[in-house]
Amino acid sequence: MKFQKTSIDGALLIEVNKYSDARGYFMECWNERDFGLPKFVQDNFSQSKKGVLRGLHYQCFPVCQGKLVRCTNGSVYDVIVDLRQKSKTFGKWYGVKLDRPELILWAPPGMAHGFYTLSEVADFNYKVSNYYDNSAERVIAWDDSTLGISWPLDGDPILSKKDIDGAKSFKECTKL
């Protein structure tokens with residue numbers, strides 16, 4: 001298992017061991033002892049068509065969520081944004097192509113998260129460290145000019161109503 005630091009303080013790109021033979025493969029995707037991450041309370045799954053962009057979503061204090069994410073089938077471009085105002089990487093973003101089930105991204109609490117589907121279909125799993133709380137959920141506009149995220153778009157992204165109507169600018173979301 002390899003743990004690689006990212007350009008965002010506390011975020012990790014993790015590659016778990018994959019054991020293959022003629023039957024297929026096996027891998028241990030998470031182990032509390034070896035990963036050393038917070039406890040997870042909820043496991044989520046989504047399936048998206050090519051061109052779907054989900055995010056940038058986060059939950060406000062005190063119910064921030066850390067997320068352990070991976071694409072189990074297909075390919076996505078995954079993005080996190082540091083919203084922790086006391087962090088040395090506040091306001092910075094990190095993006096990575098997740099296209100193998102053994103490649104996992106850890107986004108600590110205090111991050112906005114989103115992804116763009118690159119393949120015809122993508123299956124996406126994520127463990128979260130806090131329960132979903134609709135009243136604490138917020139959305140930053142995926143195309144916020146302050147952040148300047150370089151999404152690998154192939155035409156206009158397919159967005160949810162929430163991501164269109166509920167999205168705010170990075171500056172609006174980080175006002176004290």
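## Getting to know the chain

Buried residues account for 47% of the chain's 176 residues. Keep in mind that this is a predicted model. Here are some exercises to find your way around.

**Exercise 1. Work out how the overall build of the chain compares with a globular protein of that length.**

Start with the secondary structure: you'll find three helices and 13 strands in the chain. Next, take the radius of gyration, which is 16 Å. The globule rule gives 16 Å for 176 residues, and the two values are close, so the chain is as compact as a globular protein of that length. To finish, look at the spans of the C-alpha trace along its principal axes, about 55 × 35 × 30 Å.

**Exercise 2. Find what share of the contacts with a separation of 6 or more links residues 24 or more positions apart.**

Set aside contacts with a separation under 6, then pick out the pairs that sit 24 or more positions apart. Those pairs make up 80% of the contacts you kept.

**Exercise 3. Describe the surface and the charges of the chain.**

Surface comes first: about 9500 Å² is exposed, and 50% of that comes from carbon and sulfur atoms. Now the charges: there are 24 positive and 22 negative ones. Take the mean position of each set, and you get two points 4 Å apart.

**Exercise 4. Place Gln65 and decide: is Gln65 buried or exposed?**

Look in the loop between β6 (53–59) and β7 (67–73), and there's Gln65. Its relative accessibility is 11%, and the cut-off for buried is under 20%. Gln65 therefore counts as buried.

Who is around it? Skipping neighbours within four places in sequence, Gln65 has contacts that include Gln59, Pro108, Gly110, Val128 and Tyr131. Ala107 is on that list too; Ala107 is 42 residues away from Gln65 in sequence, yet their C-alpha atoms are 8.6 Å apart. Asn130 is another contact, and its backbone oxygen lies 2.7 Å from a polar atom of the Gln65 side chain.

**Exercise 5. Do the same for Asn44: is Asn44 buried or exposed?**

Asn44 sits in strand β5, residues 42–49. With a relative accessible area of 17%, Asn44 is under the 20% cut-off, so Asn44 is buried.

Now its partners. The side chains of Asn44 and Gln42 share a polar contact of 3.0 Å. Beyond four places in sequence, Asn44 touches Phe124, Asn125, Tyr126 and Val128. Val128 is also in contact with Gln65.

Definitions and conventions. Residues are numbered from 1 along each chain as its sequence is written. This is a predicted model: local features need pLDDT of at least 70, side-chain atom pairs count only at pLDDT 80 or more; totals for chains, interfaces and linings use all residues. Side-chain values use heavy atoms; hydrogens and water are left out. Helices (H or I, at least four residues) and strands (E, at least two) are DSSP runs, numbered from the N terminus. The radius of gyration is taken over C-alpha atoms; the globule rule is 2.2 Å times the number of residues to the power 0.38. Buried means under 20% relative accessible area, exposed over 50%, partly exposed in between (1.4 Å probe, protein chains only). Contact means heavy atoms within 4.5 Å. Accessible areas come from the Shrake-Rupley method with a 1.4 Å probe; for residues, only the protein chains shown count as cover. Lys and Arg count as positive and Asp and Glu as negative; His and the chain ends are not counted. The place of a charge is taken as NZ of Lys, CZ of Arg, CG of Asp or CD of Glu. A polar contact is a pair of N or O atoms within 3.5 Å; within protein, one must be able to donate a hydrogen and the other to accept it, and residues adjacent in sequence count only if both atoms are side-chain atoms.
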